[in-house]
Amino acid sequence: EFFFTAVLAYIVLAVATTTPEPGTLKTKQNFQFALCIGSCVTAGGFAIGSVSGGELNPAVAVGISTQALSLGSLLCFALWELCGGLISSIGLRLTHPGEFAQKA
């Protein structure tokens, strides 16, 4: 859960929220993000689906734990998924420093 949540969150941040370099796109819209995000969800779902259910989302973990009344499951899944999101945001900060530079 931790690894695939980190990968998914990093991909979403890297392809859907960053600004492409001027002149790199032939159109004004960028549709590659959908393929990247969908591929991550599919790969993560197939890889860990039989082990943990492949939730990859803390909100889903909270919903399933609430329905099953299982606090242990909530702590196990949601905490690791939130840590994966934190790692992905740190990774984006390190790999895309231009996105966070002050614009004059």
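**A note on the four-helix chain and Thr18**

1. Let's start with the surface: the protein chain exposes about 7,200 Å², and carbon and sulfur atoms supply 70% of that area. Please keep in mind that this is a predicted model.

2. On secondary structure, the protein chain has 4 helices and 0 strands, and its order along the sequence reads α-α-α-α. The radius of gyration is 16 Å, well over the 13 Å from the globule rule for 104 residues, so the protein chain is more spread out than a compact globule. The C-alpha trace spans about 50 × 25 × 20 Å along its principal axes.

3. A word on packing: 21% of the 104 residues in the protein chain count as buried. Among contacts with a separation of 6 or more, 68% are between residues 24 or more positions apart.

4. For anyone thinking about charges, the protein chain carries 4 positive and 5 negative side chains. The centres of these two sets lie 20 Å apart.

5. One residue to look at in your viewer is Thr18, which sits in the loop between α1 (2–16) and α2 (32–52). Is Thr18 buried or exposed? Thr18 counts as buried because its relative accessibility is 19%, and the cut-off for buried is under 20%.

6. As for the surroundings of Thr18, a polar atom of its side chain lies 2.5 Å from the backbone oxygen of Ala14. Leaving aside residues up to four places away in sequence, Thr18 touches Leu13, Leu92, His96 and Glu99.

Terms used. Residues numbered from 1 in each chain as written. Predicted model: local features only at pLDDT ≥ 70, side-chain atom pairs only at ≥ 80, totals over all residues. Heavy atoms only, no water. Helix = DSSP H or I, 4+ residues; strand = E, 2+ residues; numbered from the N terminus. Rg over C-alpha atoms; globule rule 2.2 N^0.38 Å. Buried < 20%, exposed > 50% of the residue type's maximum accessible area, 1.4 Å probe, protein only. Contact = heavy atoms within 4.5 Å. Areas by Shrake-Rupley, 256 points an atom, 1.4 Å probe, with all protein chains shown as cover. Lys, Arg positive; Asp, Glu negative; His and termini not counted. Charge placed at Lys NZ, Arg CZ, Asp CG, Glu CD. Polar contact = N/O pair within 3.5 Å; in protein donor to acceptor, adjacent residues only side chain to side chain.
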